[in-house]
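Dear colleague, thank you for passing this one along. Here are my notes, set out as numbered points so that you can follow them with the model open beside you.

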Amino acid sequence: MEYWKVDWLHDFQAEPTRIYSEIGNDGYEVRKVQHYRDGQRLKADEFHESAEIGLSEIPVGALEDVARQPEFSASSITLEEFERAWRDASWATGTRNPSGSENPEA
């Protein structure tokens, strides 16, 4: 597993400003946490996704490629740092299961 912290440098009010990702050996996200300007922190995994947050549908690529983009500041982090971010985040309301159907009780 790899663990990333990516700061997204932008002015969009509704988009996350920091993204924590747990990346599997196949290059796909396993878990993700997003921080927003208003202090909201949402998390997702393969069983809990929503309109606000979901896992990438394609492999994420190399951390170095993300870090080279001017709108991102990206670094590798420890499992412990990822787990702290995970514990501090909440599930989004109105989650949907991987089949795409709404499940507000998840």
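1. Where is the place of Ala92? Ala92 sits in the segment after β6. Please keep in mind throughout that this is a predicted model. Because its relative accessible area is 7%, under the 20% cut-off, Ala92 counts as buried. Setting aside neighbours within four places in sequence, Ala92 is in contact with Leu42, Lys43, Ser50, Glu52 and Ile53. One of these partners, Glu52, is 40 residues away in sequence, yet the two C-alpha atoms are 7.1 Å apart.

2. Now for the overall layout. The chain holds two helices and six strands, and along the sequence they follow the pattern β-β-β-β-α-β-α-β. Of its 106 residues, 38% count as buried. Among contacts between residues at least 6 apart in sequence, 50% join residues at least 24 apart.

3. In what order do the six strands lie in the sheet? The order is β5-β1-β2-β3-β4-β6, in an open sheet with mixed pairing. The edges belong to β5 (72-76) and β6 (90-91); each has a single partner strand, so one side of each is left without a neighbour in the sheet. Helix α2 (residues 79-88) packs on this sheet and touches β1, β2, β3, β4 and β6. The direction of α2 makes about 60° with that of β3.

4. Going through the pairings, I would begin with β1 and β2, which run antiparallel and are joined by six bridges. Here Trp4 has Ser21 in β2 as its bridge partner. As for burial, β2 is mostly covered, with five of its six residues buried.

5. The next pair is β2 and β3, again antiparallel, with six bridges between the two strands. Glu22 has Arg31 in β3 as its bridge partner. These strands form a hairpin with five residues between them. In that turn, Gly27 has a positive phi of about 90°, so you may like to display the backbone there while reading.6. How many bridges join β3 and β4? The two strands pair in the antiparallel sense over five bridges. Arg31 stands opposite Asp45 in β4. Like the preceding pair, β3 and β4 form a hairpin with five residues between them. In this turn Gly39 has a positive phi of about 95°.

7. On to β4 and the edge. Strand β4 (residues 41-45) is joined to β6 by two bridges, and the two run parallel. Leu42 stands opposite Ser90 in β6, while Lys43 has Trp91 in β6 as its bridge partner. Both Leu42 and Lys43 are also among the contacts of Ala92. As for burial, β4 is mostly covered: four of its five residues are buried.

8. Is Gln69 buried or partly exposed? With a relative accessible area of 32%, Gln69 is partly exposed, because that value falls between the 20% and 50% cut-offs. Gln69 lies in the loop between α1 (63-67) and β5. Along the chain Gln69 is 61 residues from Trp8, and their C-alpha atoms are separated by 10.0 Å.

9. Lastly, the largest pocket. Its volume is about 370 Å³, and 19 residues line it. Nearest the centre of the largest pocket lie Ile19, Glu29, Lys32, Gln34 and Phe72. The elements giving two or more residues to the lining are β1 (2-8), β2 (18-23) and β3 (29-35). By character, the lining residues divide into twelve nonpolar, three polar and four charged.

Methods: Residues numbered from 1 in each chain as written. Predicted model: local features only at pLDDT ≥ 70, side-chain atom pairs only at ≥ 80, totals over all residues. Heavy atoms only, no water. 1 Å grid on protein atoms, 1.4 Å probe; cavity = no way out; pocket = protein on both sides within 12 Å on 5 of 7 lines; lining within 4 Å. Points joined across faces, edges and corners; volume = space filled by probe spheres on them. Nonpolar A, V, L, I, M, F, W, Y, C, P; charged D, E, K, R; others polar. Pairing = 2+ DSSP bridges. Contact = heavy atoms within 4.5 Å. Axes fitted to C-alpha atoms, helices over the stretch in contact; angles between N-to-C directions. Buried < 20%, exposed > 50% of the residue type's maximum accessible area, 1.4 Å probe, protein only.
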